[in-house]
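This report looks at charged side-chain pairs in a protein model and at the surroundings of one further residue. Please keep the sequence and the model at hand while reading.

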Amino acid sequence: MWAPEEDYRQPLLTNSRVGGNGNNNSNGRAGSSSPSTRLQPEHSSRKCNDILFALLFLLVIGGMAAISGIAYTRGDPSRLVPNAPNIPSIPGFNTNTTSSENPIEQYFVSHLESLVAELKRDKDILIYSVLLAIALGAAWIQLLKSFTRFFIYFTLCVGVALVATLGILFMALGHKEGSESTMIVGGCIIICTLALVVVIVYLRKSIDLTCAMFTETCRGVQRSPSVFVIASLVVLFFIGFIAYWTSSFIYLFSIPGSTVNPLNDHTSSEANSTNSEQEQSAFNTKIRNLMYFMIFGFFWASSFISAVFQHCVAGVVSNWYFSRDPTGKSLVGQENAYRSLGRALTTSFGSLAFGSLLIAFIEFMAFMLRVCKNSNATNKLVVMVVSCLQCILGCVESIVRWINKFGYIYVAMHGHSFCTSTKECFDLISRNMFNAVIMDFIGGLVLLLGKILGSAASALFTTALLYGMGKSLNPITIALSAIFAFCIFNLFTHIVGIGTDTIFVCYLEDLETNKDGNLYISPDLHELLQDKCNECKEKEQKNQSKV
């Protein structure tokens, strides 16, 4: 599957206006000068940066572990199970049961047992669907590299067709059932489809640029396939962390407390309070405040895990980019991804902890705003103010995530501190007049549609397999296969997305270091980027002349 390095000599865009004379022109084109004039960006010796934030992160993790120890020692999750004797009858259930379980427990246990039995019966099909999703994801990467233009156009056309089909389906159902609201929804979807077509037509000039960027990214990722192993390990670690945090949260919530007997200080009428109220007062509400710390720790740890993943991919792609000789051959191999992971957990540990702390703080503030909004739901003024603050905070979070993405890339490339990396990266972008180029890619839409198509293909495969084997079409099994496929495709597309941003930053470094002479980047991608830069300059000059 992994293509040889000879594909570097092939144009990124077949039948492209820039692909025909890729390495033959010696006037300012990439790969034209002698190898001796080909320079790499200056790299300072890597050292541990942002040590304070690394220590603070480890302290928070240690605090979470200590709280978990208290929770596991003193918690009693069985106290959270409802045990009220007067429970309304559930349709289809005999509440006069002699079993020790109450009707609600019996109802949920029976349905849970039925669900587990169905999943156990279909476990082989779920395994086949996961293997299919992995194979489709790997094939998707290869097809994206080999047939980029066709693949992007195909993905866009299929996505538009699916949205249009959904709108027509809603219109037909609304007309058949006489539902005006359903027809309105269908009309809105059709309008969105037309708007999507207009956007694609408007951005058609950017499709060549997107094709070239995706092809270059896939070359770098396929040269170090161990990045997929690292990505899988990061995902498994994150799943394990969620399981640990959830269990700790439940145990912490169920810690009993030494409450005063209500009969000692209340009148006899208050002695007839319900059992549920007594059980609720039996929990230690003060120690439950530690849950806020656990929530903050979860936000920080999850953001840090995401930062490690981005650092690994950016390190792999950037090392491959600057390790190529003029023929396109590279010495990097399987160890490239493992070295990037090692740097993320050593010299860049503090920088990634700093960047993830910013995201965690914003997410925690958003959580506290939701708590405030729910606790003051009857106060319309408070709800309005909190809603405005949530909107502002959401915009700030999007900006910070966008800034962090490029900061992590520069940290992976140079090993600087987080603030220094972020500042130098955006100085690099502004110096080269590429501000508008970043926002002009339609790659995000292509990657999203790729995830949707992968999920749909897995769901169709599972449905066909169940039908072919004569089994009942279990919607839970089909839904799980689609969810697993979406997660797997999300992993592949996330790698491509980060790699594309890394290629862009590496190109700017390459351009400043080699002065448009003997660049590392593929020739036709260099010309496409230069055309886009010139287009942005012309637009800016026209706007200034109008003013």
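The text below describes salt bridges first and then turns to a serine.

**Salt bridges**

The model is a predicted one, and a search through the whole of this structure finds five salt bridges. Side chains that carry opposite charge can pair when their charged atoms come close. Among the five salt bridges, the pairs in the following table are taken up here.

| Pair | Closest N to O |
|---|---|
| E216 and R219 | 3.6 Å |
| R401 and E363 | 2.6 Å |
| E397 and R401 | 3.0 Å |

**The pair in helix 6**

The salt bridge between E216 and R219, with N and O 3.6 Å apart, lies within helix 6, which covers residues 205-223. Because E216 and R219 are three residues apart in this helix, about one helical turn separates them. Both partners, E216 as well as R219, are buried.

**The network around R401**

Which residues are linked with R401 in a network of salt bridges? The network consists of E363, E397 and R401, and its two pairings can be described in turn.

The side chains of R401 and E363 meet with N and O at 2.6 Å. R401 belongs to helix 13 (residues 380-414), whereas E363 belongs to helix 12 (residues 349-375), so this salt bridge ties together parts that are 38 residues apart in sequence.

The salt bridge from E397 to R401, where the closest N and O atoms are 3.0 Å apart, stays inside helix 13, and because E397 and R401 are four residues apart there, they are separated by about one helical turn.

Is each member of this network buried, partly exposed or exposed? R401 has a relative accessibility of 40% and therefore counts as partly exposed. E363, with a relative accessible area of 17%, is buried, and E397, at 18% relative accessibility, counts as buried too, because the cut-off for that class is under 20%.

**The surroundings of S68**

Apart from these charged pairs, S68 may be inspected in helix 1, which covers residues 51-74. The relative accessibility of S68 is 3%, so S68 counts as buried. Which residues does S68 touch, when those up to four places away in sequence are not counted? The contacts of S68 on that basis are Y244, S248 and M294.

Key. Residues are numbered from 1 along each chain as its sequence is written. This is a predicted model: local features need pLDDT of at least 70, side-chain atom pairs count only at pLDDT 80 or more; totals for chains, interfaces and linings use all residues. Side-chain values use heavy atoms; hydrogens and water are left out. A salt bridge is a side-chain nitrogen of Lys or Arg within 4 Å of a carboxyl oxygen of Asp or Glu. Helices (H or I, at least four residues) and strands (E, at least two) are DSSP runs, numbered from the N terminus. Buried means under 20% relative accessible area, exposed over 50%, partly exposed in between (1.4 Å probe, protein chains only). Contact means heavy atoms within 4.5 Å.
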